[in-house]
Amino acid sequence: MAQLPILEFPDPRLRTRAAPVDPAWLAEASTQQLIDDMFETMYEAPGIGLAASQVDVHRRFMVIDVSEERAQPRVFVNPEITARSGEQVYQEGCLSVPNIFADVTRSDTITVTALDRHGVAFELHADGLLAVCVQHEMDHLEGKLFVDYLSPLKRELVRKKLAKARKAA
């Protein structure tokens, strides 16, 4: 397995809308290796979710594991939210926007349908952190980042802070 480079805000490639995945593509060994590499990258970052768009693969899939033990890896291919209810505010961070956290309002409970890494369809009812993570990663597949929920002034401050951190590194 190999760690993959994660695109960072404001890289314009993060704004690319991901294309649907042909289920036949999931049968390829290189696709399964990419999924494994995404999990390794996410765990090492460390993070709880990673969309393919963040590693410059603009296809509609993402990996998530919100368990403390890193024991519940989930793959969502061509995910769609089919139901949502309630509202929650959660302080979110993002591997593409390192060391920045902000409150974001999202649906409290969701139902998502998707294919797993082997092309098997499933439906998941999620709430709490898992619901937030699914919504956050699905935003990436649409070319949207959590900083888009911030005011233009706060978004510009984030951009400047990250630029300063990159220069210092």
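Two strands count as paired when DSSP finds at least two bridges between them. In this predicted model, strands S1 and S2 run antiparallel and are joined by 3 bridges. One of these links involves Leu-50, whose bridge partner in S2 is Val-63. On its other pairing, S2 meets S3, again in the antiparallel sense, over 4 bridges. Here Met-62 stands opposite Phe-76 of S3.

In a regular strand the side chains alternate between the two faces of the sheet. S2 can be read with this in mind: Phe-61 and Val-63 point one way, Met-62 and Ile-64 point the other way, and all are buried.

Next comes helix H1. The helix has 16 residues and reaches 22 Å from its first C-alpha to its last, close to the 22 Å expected at 1.5 Å a residue. Its buried residues include Leu-34, Ile-35, Met-38, Phe-39 and Met-42, but also Thr-31, Gln-32, Asp-37 and Glu-40. The buried residues of H1 pack against S1, S2 and S3.

The helix and strands come together in the largest nonpolar core, which has 19 residues. Within this core, Met-38, Phe-39, Leu-50, Phe-61, Val-63 and Val-77 touch the most other members. H1 (29-44), S2 (61-64) and S3 (74-85) each supply at least two residues of the core, and H1 gives the most, with 6 residues.

Phe-39 shows such packing at the level of one residue. Beyond its neighbours within four places in sequence, Phe-39 is in contact with Val-63, Ile-64, Pro-73, Arg-74, Val-75 and Arg-117. Apart from the largest core lies another, of 16 residues, among them Ala-18, Phe-76, Ala-114 and Ala-131.

Methods. Residues are numbered from 1 along each chain as its sequence is written. This is a predicted model: local features need pLDDT of at least 70, side-chain atom pairs count only at pLDDT 80 or more; totals for chains, interfaces and linings use all residues. Side-chain values use heavy atoms; hydrogens and water are left out. A nonpolar core is a set of buried Ala, Val, Leu, Ile, Met, Phe, Trp, Tyr and Cys residues joined through side-chain atoms within 4.5 Å. Buried means under 20% relative accessible area, exposed over 50%, partly exposed in between (1.4 Å probe, protein chains only). Contact means heavy atoms within 4.5 Å. The expected span of a helix is 1.5 Å times one less than its number of residues.
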